[in-house]
Amino acid sequence: MIFKLFILTYMLIPLATLAIAALRLELDFEQTKNLVNLSISKKHILSFWGAPLISAFCLINVRAWSYFIFMGAQIFMFIGPHLLKNYAPEIIHMEAILPIYMTQAFCLFGIYKFTDIKNRSSFFDPSLRWWERSKRYHLPLPMSLKSHHIPSVLDTTVVNISTTGIFFINNSNRVHEFQKGEKFLANISFQDVELSIPIRIVRKGKFENFEGWGAQFSKQGLWHRIYLLKLIKQVESMKRAKIKFHKEEEDQPYRHAS
């Protein structure tokens, strides 16, 4: 929620500043258009539009590198009016001074909020970014794993799958302790869909009382993603049909009784 509110505010800052200036000056449509053109001129576009929108982009694309760009943009927007006379077009600076001060206050609040370890950690620890996780499907699928460092094929079962990774259990006769970082070529098939895709082991854990391993799809191309979505769609369709069949079977005695 904090990220969403900040993103929305940064996107609205330039628009709100222009709107307030236009209202205070009682500009007509053509004059307002000229004011907008002034704000997007080479002299002013970076400070007036660039810094707020860059800040919003850094909060949408949460990564370690974007944290430093975001904090730099906050400092620029806070000290800009004092250091740069052309921070905003002069007419906007005079007539919309209140939004500029409010922007400075908001940026100061942003610096304070994102130095907090809880919010800062989201930029550096991908496991905390729960909103980036793909929808997961509970689909039991047979899967074989091949690797150059293991002479035989490992037979496993996918318990849970998304477009970015899987959770699987080892049901092979060959005992193998999967290690974090190990890479395999996974072969998954269902009906007319056959998928061979590289995976990388990322964790060992438990899912619905199953002890297993989590793996990410690596080097996933466009066709891999398309076939994976097709596979998920087919299995989901079968599951829905099976649920519908069992429901009809349960309702059948009542129909005969009536």
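This is a guided tour of a predicted model, stop by stop, with a selection to make at each one.

**Whole chain**

Start with everything shown as cartoon. The protein has 8 helices and 6 strands. Colour from the N terminus and follow the order of elements: α-α-α-α-α-α-α-β-β-β-β-β-β-α. Seven helices are thus followed by six strands and a final helix.

Now colour by burial. Of the 258 residues, 39% are buried. Contacts in the protein with a separation of 6 or more can also be split by distance along the sequence: 59% of them join residues 24 or more positions apart.

**Stop 1: α1 against α6**

Select residues 2–25 for α1 and residues 97–115 for α6. Their axes come within 11 Å and cross at roughly 165°. That angle is over 145°, so α1 is roughly antiparallel to α6. The crossing of α1 past α6 is left-handed.

Show the side chains in the contact. On the α1 side, pick Ile 2, Phe 3, Phe 6, Thr 9, Tyr 10, Ile 13, Thr 17 and Ile 20. On the α6 side, pick Pro 99, Thr 103, Phe 106, Phe 109, Gly 110, Lys 113 and Phe 114. By class, the residues in this contact are 10 nonpolar, 4 polar and 1 charged.

**Stop 2: α1 against α2**

Keep α1 and add α2, residues 29–39. These axes also come within 11 Å, and they cross at roughly 140°. At that angle, α1 and α2 are oblique to each other. Here α1 passes α2 in a right-handed crossing.

Which residues of α1 and α2 meet? From α1, select Leu 18, Ala 21 and Ala 22. From α2, select Thr 32, Leu 35, Val 36 and Ser 39. This contact of α1 with α2 has 5 nonpolar residues, 2 polar and no charged.

**Stop 3: Ser 55 in α3**

Move to α3, residues 45–60, and select Ser 55. Is Ser 55 buried or exposed? With a relative accessibility of 0%, Ser 55 counts as buried.

Show its surroundings. Beyond the neighbours within four places in sequence, Ser 55 contacts Tyr 10, Phe 70, Ala 73, Gln 74 and Met 77. Tyr 10 is a residue from Stop 1, where it belongs to the α1 side of the contact with α6.

**Stop 4: α6 into α7**

Return to α6 and add α7. The axes of α6 and α7 come within 5 Å and cross at roughly 75°. That makes α6 roughly perpendicular to α7.

Select Lys 113, Phe 114 and Thr 115 in α6, then Ile 117, Asn 119, Arg 120 and Phe 123 in α7. The contact of α6 with α7 has 3 nonpolar, 2 polar and 2 charged residues. Lys 113 and Phe 114 are also part of the α6 contact with α1.

**Stop 5: Asn 119**

Stay in α7, residues 117–124, and centre on Asn 119. Its relative accessibility is 8%, so Asn 119 counts as buried.

Turn on distances. A polar atom of the Asn 119 side chain lies 3.1 Å from the backbone oxygen of Lys 113. Which residues does Asn 119 contact beyond its neighbours within four places in sequence? They are Ile 2, Phe 3, Lys 113 and Phe 114. Ile 2 and Phe 3 sit in α1, and Lys 113 and Phe 114 in α6, within the contact seen at Stop 1.

**Stop 6: Tyr 137**

Continue past α7. Tyr 137 lies in the loop that leads from α7 to β1 (141–147). At 19% relative accessibility, Tyr 137 still counts as buried, because the cut-off is under 20%.

Draw a C-alpha distance from Tyr 137 to Ile 161. The two are 24 residues apart in sequence and 5.3 Å apart in space. Setting aside residues up to four places away in sequence, Tyr 137 touches Val 159, Asn 160, Ile 161, Ile 232 and Glu 236.

**Stop 7: Phe 184 in β4**

Finish among the strands. Select β4, residues 183–190, and centre on Phe 184. With 4% relative accessibility, Phe 184 counts as buried.

Show its contacts. Outside residues up to four places away in sequence, Phe 184 touches a set including Leu 145, Lys 146, Ser 147, His 149, Ile 150 and Leu 154. Others to select are His 176, Phe 178, Ile 197, Pro 198, Ile 199 and Ile 201.

Last, add Ser 218. It is 34 residues from Phe 184 along the chain, and their C-alpha atoms are separated by 9.7 Å.

Conventions: Residues numbered from 1 in each chain as written. Predicted model: local features only at pLDDT ≥ 70, side-chain atom pairs only at ≥ 80, totals over all residues. Heavy atoms only, no water. Axes fitted to C-alpha atoms, helices over the stretch in contact; angles between N-to-C directions. Helix = DSSP H or I, 4+ residues; strand = E, 2+ residues; numbered from the N terminus. Parallel < 35°, antiparallel > 145°, perpendicular 65-115°, else oblique. Left-handed = near helix turned anticlockwise from the far one by under 90°. Contact = heavy atoms within 4.5 Å. Nonpolar A, V, L, I, M, F, W, Y, C, P; charged D, E, K, R; others polar. Buried < 20%, exposed > 50% of the residue type's maximum accessible area, 1.4 Å probe, protein only. Polar contact = N/O pair within 3.5 Å; in protein donor to acceptor, adjacent residues only side chain to side chain.
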